[in-house]
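I sat down with this one to look up a few things a bench colleague might ask about. Here are my notes, in the order in which I went through them.

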Amino acid sequence: MKITKLALHHLSMPLVSPFETSFGRAEERESIIIEASAEGISGLGECVADRDPGYAYETSGTAWLILQEFIAPLIFSAEISSPQDIPELLSPIRGHPMAKAGLEMALWDLTGKMEGVSLQAMLGGKRKTVPVGVSVGLQSCPEELVEVVNAYLADGYQRIKIKIKPGRDVGDTVAVRLAYTDILLQVDANSSYTLDSAQSLLPLDDMDLLLIEQPLAEDDLWDHRTLQSSLKTPLCLDESIVSLRHARQALEMTACRIVNIKAGRVGGLTNAVKIHNLCISKGIPVWCGGMLETGVGRAANLALASLPGFTLPGDISASNRYYRQDITNEIFALNPDSSITVPEGAGLGVSINRDALDKNCIRKVILTAEDYICE
Ligand code: OSB
Ligand code: MG
């Protein structure tokens, strides 16, 4: 197929409650929704880069630039036979995985709609529902955190992840563990420790955690290996796994025992599936991370998480945990068994609520093949 039009919508959406991590506090979530058109059909993608470069170096601003100036011309000049060709097609652009992943998602959706096949089926997922948990941001004090966790447990979430940072780690975790001795519990530090300061995390090793996520720097596989060797609890890498090669090297050196897979972080669903396949072959459990996605990215995460290697609950909570009004007509709700149902419609299986999209849009651009190709 030949892509003839790309529409980019830069969104800023109010979160139902502020989300605080070791890298900052957010009351809104930015994203870029990408609509790619060919043969009168269009597909949706979501670029998960946020306003600030706190989680990763990409931002909604850098992704906007890269999409317009570098990705769009490559896409318009190519004959695309499968979304799986996108990583190779975009390989002349170094880095910027979230910008690439957003575009690739739109082509998965478009292909699925053209062929009448769901993303789940295209990726090879089978399960009708996927187990999910909730990621709980830093609160003002441990007592407040326990109250927030209590409310999510009451909603039906059966796995809790809490954010930690230096000075807000053991105390917070002990408080939740003492309040709820039996729940599935894990922590996420978002790269806020060094090998030295991570010594303060050693008491967590006796709190029956599912995993400790990304304690050390993004570009530091080696010190994760050292830390993992001193812990019984599995380390799980998020930020550090930016490619299939990093995943392979992390597993070869036992820098972690579990992998968090986010399509945005690794340049798209094609690469995400490859990392999943590698982890299965090595007996490493994986789970699907989240980036506070809208219904568009959430639909993609559900399809991905339905693959057989995703054996731990994902950070794919119900729509109402994030947004009062989402931009899709489909709203994802939590099932009583702490799962969410995978969409079955063609492509992502979701449609845009235009009013909601426009209401949250801070800038928009429409790019056409003629704008770029001079004949
Ligand atoms: O580290 O997993 C993370 C949100 C934004 C950026 C990074 C992370 C997160 C979350 C929330 O933990 C996951 C979600 O519910 O979408
Ligand atoms: Mg994380």
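**Entry 1: helix H6 and its surroundings**

I began with the buried side of H6, keeping in mind that this is a predicted model. What do the buried residues of H6 pack against? I found helix H5 (142-155), strand S6 (159-163) and strand S7 (184-188) there. The helix itself covers residues 170-179. Its buried residues are Val 170, Asp 172, Thr 173, Ala 175, Val 176 and Arg 177, so I noted that Asp 172 and Arg 177 are on that list along with Val 170 and Val 176.**Entry 2: H5 against H6**

Next I looked at how H5 and H6 meet. Their axes are 9 Å apart and the packing angle is about 45°. That angle makes H5 oblique to H6. I also looked up the hand, and H5 passes H6 in a right-handed crossing. From H5, the contact is made by Pro 142, Leu 145, Val 146 and Val 149. From H6, Gly 171, Asp 172, Ala 175, Val 176 and Ala 179 take part. Sorted by class, the residues of this contact are seven nonpolar, one polar and one charged. Asp 172, Ala 175 and Val 176 had already turned up among the buried residues of H6.

**Entry 3: H1 against H3**

Then I turned to helix H1 (residues 60-76) and helix H3 (residues 97-115). At what angle do their axes cross? I get roughly 55°, and the axes come within 10 Å. With that angle, H1 is oblique to H3. The crossing of H1 and H3 is right-handed. On the H1 side I listed Ala 63, Ile 66, Leu 67, Ile 71 and Ile 75, which meet Ala 99, Lys 100 and Leu 103 in H3. The class count for H1 with H3 is seven nonpolar, no polar and one charged residues.

**Entry 4: H8 against H9**

One more helix pair went into the notebook: helix H8 (residues 244-252) with helix H9 (residues 269-282). I find about 20° between them, with the axes 9 Å apart. This makes H8 roughly parallel to H9. H8 passes H9 in a right-handed crossing. H8 brings Leu 244, Ala 247, Arg 248 and Leu 251 to the contact, and H9 brings Lys 274, Ile 275, Leu 278, Cys 279 and Lys 282. By class, I have six nonpolar, no polar and three charged residues where H8 meets H9.

**Entry 5: cysteines**

How many disulfides does a search of the whole structure find? The search returns zero. Cys 288 is in no disulfide, and its nearest cysteine sulfur, that of Cys 236, is 12 Å away. Is Cys 288 buried or exposed? I noted a relative accessible area of 1% for Cys 288, and because the cut-off for buried is under 20%, Cys 288 is buried.

I looked up Cys 361 as well. Its sulfur is 14 Å from the closest cysteine sulfur, in Cys 47, and that is too far for a bond; a disulfide needs the two sulfur atoms within 2.5 Å. Cys 361 has 22% relative accessibility and counts as partly exposed.

**Entry 6: positive phi**

Here I was after backbone angles. Most residues other than glycine have a negative phi. Glu 39 is not a glycine, yet it has a positive phi of about 50°. I placed Glu 39 in the loop between S2 and strand S3 (41-47). At 62% relative accessibility, Glu 39 counts as exposed.

Ser 191 went down beside it: its phi is positive, about 65°, and Ser 191 is not a glycine either. Where is Ser 191? I found it in the loop between S7 and strand S8 (212-213). Ser 191 counts as partly exposed, at 24% relative accessibility.

**Entry 7: Pro 203 and Ala 26**

Pro 203 lies in the loop between S7 and S8. With 39% relative accessibility, Pro 203 counts as partly exposed. I also checked Pro 203 against Lys 128: they are 75 residues apart along the chain, and their C-alpha atoms are separated by 38 Å.

Last came Ala 26, found in strand S2 (residues 24-38). Ala 26 and Pro 14 are twelve residues apart in sequence and 9.1 Å apart in space, C-alpha to C-alpha. Which residues is Ala 26 in contact with, leaving aside its neighbours within four places in sequence? I wrote down Leu 15, Pro 18 and Phe 19.

How values were computed:
Residues are numbered from 1 along each chain as its sequence is written. Chains are lettered from A and ligands numbered from 1 in the order in which they are written. This is a predicted model: local features need pLDDT of at least 70, side-chain atom pairs count only at pLDDT 80 or more; totals for chains, interfaces and linings use all residues. Side-chain values use heavy atoms; hydrogens and water are left out. Axes are lines fitted to C-alpha atoms, for helices over the stretch in contact, and angles run from 0 to 180 degrees between N-to-C directions. Helices (H or I, at least four residues) and strands (E, at least two) are DSSP runs, numbered from the N terminus. Angles under 35 degrees count as roughly parallel, over 145 as roughly antiparallel, 65 to 115 as roughly perpendicular and the rest as oblique. A crossing is left-handed if the near helix is turned anticlockwise from the far one by less than a right angle, and right-handed if clockwise. Contact means heavy atoms within 4.5 Å. Ala, Val, Leu, Ile, Met, Phe, Trp, Tyr, Cys and Pro count as nonpolar, Asp, Glu, Lys and Arg as charged, and the others, Gly among them, as polar. Buried means under 20% relative accessible area, exposed over 50%, partly exposed in between (1.4 Å probe, protein chains only).
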